[in-house]
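I opened the model to look up a few residues and one sheet. My entries follow in the order of the lookups.

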Amino acid sequence: QIYPNPSSNYVTVFSGSYVPQQVRIYDITGKLIMNEEIILEKQIDISQLRPGIYIAQIKGETAKIIKY
C-alpha cells in the first residue's frame, strides 16, 4: 500500500511485514531510480523526483506512484 498518491514530497509504503523488504522505484522507461529497504512501513522522500508517473515494486507486486 502506498499513500498519499498522488504526492509531491513523500509517500508512505506499507509492506505489512516485519521481514525486511526492498522497495524499488522505476521511472516510466524502466530505469531504477530508488532502492529502499523497509520493515513494515517507511516514508520515502520523492521530492527530488521530476513530476510524472513512477512504478514501485515490493514483494513482486507493482504499484503506480504519481508525482506532481
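In which strand does Lys67 lie? I find Lys67 in strand β7, residues 61-67. I note that the model is a predicted one.

Next I checked the surroundings of Lys67. Lys67 is buried and has no salt bridge. The nearest side chain of opposite charge belongs to Asp45, 8.0 Å away. I count a salt bridge only within 4 Å, so the 8.0 Å to Asp45 does not qualify. I did find a polar atom of the Lys67 side chain 3.3 Å from the backbone oxygen of Ser8. Leaving out residues up to four places away in sequence, I list these contacts of Lys67: Ser7, Ser8, Ile46, Ser47, Leu49, Arg50, Pro51, Gly52 and Tyr54. Ser8 thus appears both in the contact list and as the owner of that backbone oxygen.

Then I turned to Asn35, in strand β4, residues 32-38. Is Asn35 buried or exposed? I have Asn35 as partly exposed, because its relative accessible area is 42%, between the 20% and 50% limits. Asn35 touches Gln22, Val23 and Arg24, again not counting residues up to four places away in sequence. I also looked up Ile25: its C-alpha lies 6.4 Å from that of Asn35, and the two are ten residues apart in sequence.

Last, I looked at the sheet. Three strands form an open sheet in the order β1-β2-β5, with antiparallel pairing. I note β1 (2-3) and β5 (41-45) as the edge strands, each pairing on one side only. β1 is joined to β2 (residues 10-14) by two bridges. For Tyr3, I find Thr12 as the bridge partner in β2.

Methods. Residues are numbered from 1 along each chain as its sequence is written. This is a predicted model: local features need pLDDT of at least 70, side-chain atom pairs count only at pLDDT 80 or more; totals for chains, interfaces and linings use all residues. Side-chain values use heavy atoms; hydrogens and water are left out. Helices (H or I, at least four residues) and strands (E, at least two) are DSSP runs, numbered from the N terminus. Buried means under 20% relative accessible area, exposed over 50%, partly exposed in between (1.4 Å probe, protein chains only). Lys and Arg count as positive and Asp and Glu as negative; His and the chain ends are not counted. A polar contact is a pair of N or O atoms within 3.5 Å; within protein, one must be able to donate a hydrogen and the other to accept it, and residues adjacent in sequence count only if both atoms are side-chain atoms. Contact means heavy atoms within 4.5 Å. Two strands pair if DSSP finds at least two bridges between them.
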